[in-house]
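Open the model in your viewer and keep the selection panel at hand. The tour starts with one term and then moves from stop to stop.

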There are 2 protein chains.
Amino acid sequence: MLFSKSFIFTQREDPKVAECNSARLLLKGCFLSMISSGVYSYLPLGKRVLEKVNNIIRKHMNSLGAEELQLSYLQPIEMWEKTGRDKDLGDIMFRFKDRRAREFVLGPTAEEEITEVVRKYISSYKQLPLTLYQIQTKFRDEPRARFGLMRSCEFVMKDAYSFDIDEQGLGENYKKMLAVYQDIFKECGLEFVTVEADSGFMGGDASHEFMVSAGIGEDILFYCCGCGSYFKKEGNCPQCGKNLEEKRMIEIGHIFKLGTKYSQAFDAFFLDREGVRKPITMGCYGIGVSRLLAAIAETNCDDKGIIWPKSVSPFDISLLVLEEKLLPQAFSLSEILEKLKLHVLIDDRKEAAGVKFNDAFLLGNPFILIMGKNYLNSKKIDLEIRKTRKKLNLNEEELIKFLKNEYGR
Amino acid sequence: MLFSKSFIFTQREDPKVAECNSARLLLKGCFLSMISSGVYSYLPLGKRVLEKVNNIIRKHMNSLGAEELQLSYLQPIEMWEKTGRDKDLGDIMFRFKDRRAREFVLGPTAEEEITEVVRKYISSYKQLPLTLYQIQTKFRDEPRARFGLMRSCEFVMKDAYSFDIDEQGLGENYKKMLAVYQDIFKECGLEFVTVEADSGFMGGDASHEFMVSAGIGEDILFYCCGCGSYFKKEGNCPQCGKNLEEKRMIEIGHIFKLGTKYSQAFDAFFLDREGVRKPITMGCYGIGVSRLLAAIAETNCDDKGIIWPKSVSPFDISLLVLEEKLLPQAFSLSEILEKLKLHVLIDDRKEAAGVKFNDAFLLGNPFILIMGKNYLNSKKIDLEIRKTRKKLNLNEEELIKFLKNEYGR
């Protein structure tokens, strides 16, 4: 991909609206565009990162046998009245009427709708267990939208729902999901903690949150610097007795054992092996995808820009071509790398070297290749690792070996 | 994929709400679920087809150098006031206010928003041309929602936008897009016609529509059975003089030369080579993705179910296992086929052969493999081609050769 032909127009100045590193760098780096306070569009660079995160999530969801679907955006208010959550959620939901006076909600979540859908198809224990998920934009009429994608009025969410014949089945599904969540966040390059949590307005009797430590976090945990554990409550560490210190955390995922609250409300029952009518036992499993993207940027950056983990970077390599006459060499090197399924952003612009370096650091692709004057003679290329700032000077064979090793190709 | 573990629960009875073949079969076959009149959810089978169509579109858009982005769902009303289209579109738009009295629209299209976004980044002719696209759910407060996905209140749309320095650039982009649209619809297995059309409320001075002939179509063209041409106006064929007959058509795509209507309204100007300030010249290019999906089903079905074209079928093969003891053989055959990147739905259910055949015909995967009693002795398998109903009896080697040939593997 050529930089000169791409929708990558980085900003020199810091955006006025950005209140944290992730929002500042995502806006400045042309990943996002602000449409209104709390409302953002994903520009091509941001869309690339978003899809990489989505595909990591899909891979792990599918590995559990979960199936992807796409629920409607318009949710009839009657669904929410069945659980009474139209009142619980109240003003946080966008509500409006259509020309026929049907009232709709733009869903902040979809427990009601998925239960209504599944109810129509499930009648026997033979059809269970089942897990369904979607990756969809959700909405909140947020009273204090801030920190870019951290707290916004529309956001991408992965919401999964499990359907079991009993608590034991739910327990097994829940345990698998708990494990897979760890895999997802690890693969996204996040340092996170898992804590038991309240179920709150979701109902049900068990839940776990997945949290990333960051100064802009809005949740609070208590940290023991002795044993490295996190707790929900302040005081002394129950494990080593040390004083716990307050840590601000970003919630990136939350999973719940819902039990039968929703299936009872929607009459989502099945006949068990003995022909007895029972409510389906449900779990729900959320990941705040856009918030996760922001959490990655927030915890993986320096003063020059973002440092994307390899798994989610928009490109694998920024190839800076510092002399126009080297373009043919750059194209041929890029072709070799693309054959290894490495995605290369060739900075072919007629710009000063400094501009190219600044943009490469701002965009944050993991590896920066610099093709300068002495490439023609030496046939060796400079590689800089974005994260460690380590510099290597490699010939083509060494470079390919290095990258193959980094990407397990 | 095992049928017994999948969210595929076909309905015995025809759904009451279905007014046409595509809606009837998509509901009955567990592709879609109706949430409210004109509002549908894509169940896992439908989501599979949708993503196949989306990926065909992406491949062709990317081949033009177009970049994918994801605009916000919430569009501030102020954007629509700038072009006056808030009045033109009127009641067709869902409009509502948030808690801070900001008024938003759920976009039926996105010319305004994309122009507002691009305006912020483009200042020089050096940054042009550019083409951006997204595949996104759009909304219409439809007074007469009907025919399932044909005319619904929310629908998936591919909307692309081109940005050029002048009419000539637009002309070139438009021509390329016109050609690529033909490729997309062909690859989706559709018989379609391309006709010059009015620009209507979009503004601009040229447009083409892409239409599929079907009884439930809501657009009308006039057809010459002599030379096979389609025309916008009734009368006699200007080419061969024959009487034109009326044909009902489904519009699946529409492309427009917009000119500078939107760039003028949003002050989206650039400096040309001579330093003169000029408005960006725009084009827009839409595909009604969910309608296209319905048009495929509508024009590719028989009394037993859908007959998906190979490019968009949920699976490539339905493998019906008629004896439980043959399951190990079915799994090993499926593994071989999956290695050829053929996706197999193994019907492993404890159901009568008739039920399995009915479902295979209803779901409409292109090839049906039948593993019955005599497979153990003969090692030959029955293959039925869904479309032609042609039956073959093949050994493993012949089967693989046949499928490799069909799928160009």
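Two strands count as paired if DSSP finds at least two bridges between them. Keep in mind that this is a predicted model.

**Stop 1: a strand pair in chain A.** Select residues 367-371 and 380-385 of chain A, strands E21 and E22. They pair in the antiparallel sense over four bridges. Now pick Ile368(A). Which residue of E22(A) is its bridge partner? It is Glu384(A).

**Stop 2: the whole sheet.** Widen the selection to five strands of chain A, in the order E20-E19-E21-E22-E23. The sheet is open and its pairing is mixed. Color E20 (344-347) and E23 (391-395) of chain A: these stand at the edges. Each has a single partner strand, so one side of each is left without a neighbour in the sheet. On average, neighbouring strands are turned by 25° against each other, direction ignored.

**Stop 3: a helix on the sheet.** Add residues 396-407 of chain A, helix H12. This helix packs on the sheet and touches E22 and E23 of chain A. Its direction makes about 120° with that of E23(A).

**Stop 4: where the chains meet.** Show both chains. Here 43 residues of chain B contact 43 residues of chain A. Elements that give two or more residues to the chain B side include helix H2 (44-63), helix H5 (111-121) and strand E7 (130-139). By class, that side has 22 nonpolar, nine polar and twelve charged residues.

**Stop 5: the axis.** A turn of 180° with a shift of 0.0 Å along the axis lays chain B on chain A, with an RMSD of 0.0 Å. The two copies are thus related as by a two-fold rotation axis. Finish on Phe96(B): in chain B, its C-alpha is the nearest to the axis, 3.1 Å away.

Notes: Residues numbered from 1 in each chain as written. Chains lettered and ligands numbered in written order. Predicted model: local features only at pLDDT ≥ 70, side-chain atom pairs only at ≥ 80, totals over all residues. Contact = placed C-beta atoms within 7 Å. Nonpolar A, V, L, I, M, F, W, Y, C, P; charged D, E, K, R; others polar. Least-squares fit on C-alpha atoms with pLDDT ≥ 70 in both. Axes fitted to C-alpha atoms, helices over the stretch in contact; angles between N-to-C directions.
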